[in-house]
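Thanks for making time this morning. I would like to walk you through one model, and I will try to say plainly how each term is meant as we go.

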Amino acid sequence: MSKVGFISLGGTISMEQSAKGRIPKLGASSLLQTLPQLSDIEVITYETPMMPGASLDLKLINNIAQLINSALEEVDAIVLAQGTDTIEETAFLLSLLTRSDKPIVVTGAMRGADAVSSDGPANLMNAFLIASTKGVCDLGVVVALNEEIHSPYFVTKTHTSSLGAFESYDVGPIGFISEGVVNITSLPRLPRFPNSSSIERAFPAVGLIKASLGEDARVLEAAAELGYEGLVIEATGAGHLSEKWVKPLADLAQKMPVVLATRVPKGKVHTRTYGFSGSEMDLLSRDLLPSGYLCALKARLLLIVLLAQNKKREEIKRMFYQVY
């Protein structure tokens, strides 16, 4: 019999209607009562604080990661239910902070627990199915919603309300649930990221700035004074910025790691195509670091973890150049 740990952090999957609108109400034990009997699975619940996905923070997710690391010494897998607003970030962060290849299946819902055609019970049932399937014992962290299984490296939320809100640009899902069977169809080859065993200090502040047409560089000039220890720049195209941004970013890159990501949802940041002022070649020559296929949200989390490990500049550079 499989032994699966279950954690609920709240989110829409746990929400019911109140006079003020939907709020988190159902903890892990209550959510289990919405499912048919789980045959051949022994479920161990861990009660934790519940809140909307937008209110989760790095410290809490690190605490959850440590809970998972401890729990995986006695269970075969973990199912984690949470709000979908930040699921792409928390799943990726958990992949950095957990030490086991045992399945850690992150799920949620787009409709509340008391809504007509709520998707929570089906998503939760599928998450337990994945967690208890013997053939997927080395998956590590995955995101499972709408009968699809996604890598935390690529998955992103693409719609505010659709049941099919989650996609993995460029690669697609790594698997599906069909007729009650877990089918793993492809596993992306991912970089070897650090794990939590070497985290040495509190998570530092890393800013995320998105480029837009005509935006000037004032916000860049204030970044160091605001106490940021790193920056991620969500650039246009393949990693391009206004020439007005070049000198401020070059100056910042001498004080802190500055990562160059793209606001474009598909494709990677380039490294050797364009050579104009503000192009990716120009910016990388000034010590900015490319995010590869990592979106800006996840590049920020990776940089935060590396800084919290007290990694030196060359180690951080090497890590970001291997995410291709």
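I will take the strands first, then one helix, and then a few backbone angles.

Please keep in mind that this is a predicted model, in which local features need pLDDT of at least 70 and side-chain atom pairs count only at pLDDT 80 or more, while totals for chains, interfaces and linings use all residues. Residues are numbered from 1 along each chain as its sequence is written, and side-chain values use heavy atoms, with hydrogens and water left out.

Let me begin with strand β5, residues 77-81, where helices (H or I, at least four residues) and strands (E, at least two) are DSSP runs numbered from the N terminus. Five of the five residues of β5 are buried, so the strand is largely enclosed by the rest of the structure; buried here means under 20% relative accessible area, exposed means over 50%, and partly exposed lies in between, with a 1.4 Å probe and protein chains only. A77, V79 and A81 point one way from β5, whereas I78 and L80 point the other way, and all are buried.

What does β5 pair with? Strand β1, residues 2-8, pairs with β5 in the parallel sense over five bridges, where two strands count as paired if DSSP finds at least two bridges between them. In that pairing, S8 has A81 of β5 as its bridge partner. Strand β6, residues 104-107, also runs parallel to β5, and four bridges join the two, with I78 standing opposite I104 in β6. Between β5 and β6 the chain passes through helix α3, residues 87-97, and this β-α-β crossover is right-handed, which is to say that, with the strands pointing away from the viewer, the path from the first strand over the helix to the second runs clockwise.

Staying with β6, I would draw your attention to V105, which is found in that strand and counts as buried at 0% relative accessibility. Leaving aside neighbours within four places in sequence, V105 is in contact (heavy atoms within 4.5 Å) with I78, V79, L80, A127, I130, A131, V142 and A144.

There is a second group of strands to look at, an open sheet of four with the order β13-β14-β15-β16 and parallel pairing. The edges are β13 (206-210) and β16 (289-290), each with a single partner strand, so one side of each is left without a neighbour in the sheet. Within this sheet, five bridges join β14, residues 230-235, to β15, residues 258-262, and V232 stands opposite V259 in β15.

Turning to helix α8, residues 296-308, we find 13 residues reaching 18 Å from the first C-alpha to the last, close to the 18 Å expected at 1.5 Å a residue, the expected span being 1.5 Å times one less than the number of residues. This helix is mostly covered, as eleven of its 13 residues are buried, among them K298. After α8 comes N310, whose phi is positive, near 60°.

That brings me to the backbone angles. Most residues other than glycine have a negative phi. D40, however, has a positive phi of about 65°; this residue is found in the loop between α1 (28-32) and β4 (41-47), and D40 is exposed, with a relative accessible area of 57%. E147 likewise has a positive phi, near 65°, in the loop between β7 (141-145) and β8 (148-150), but E147 is partly exposed, with a relative accessible area of 49%.
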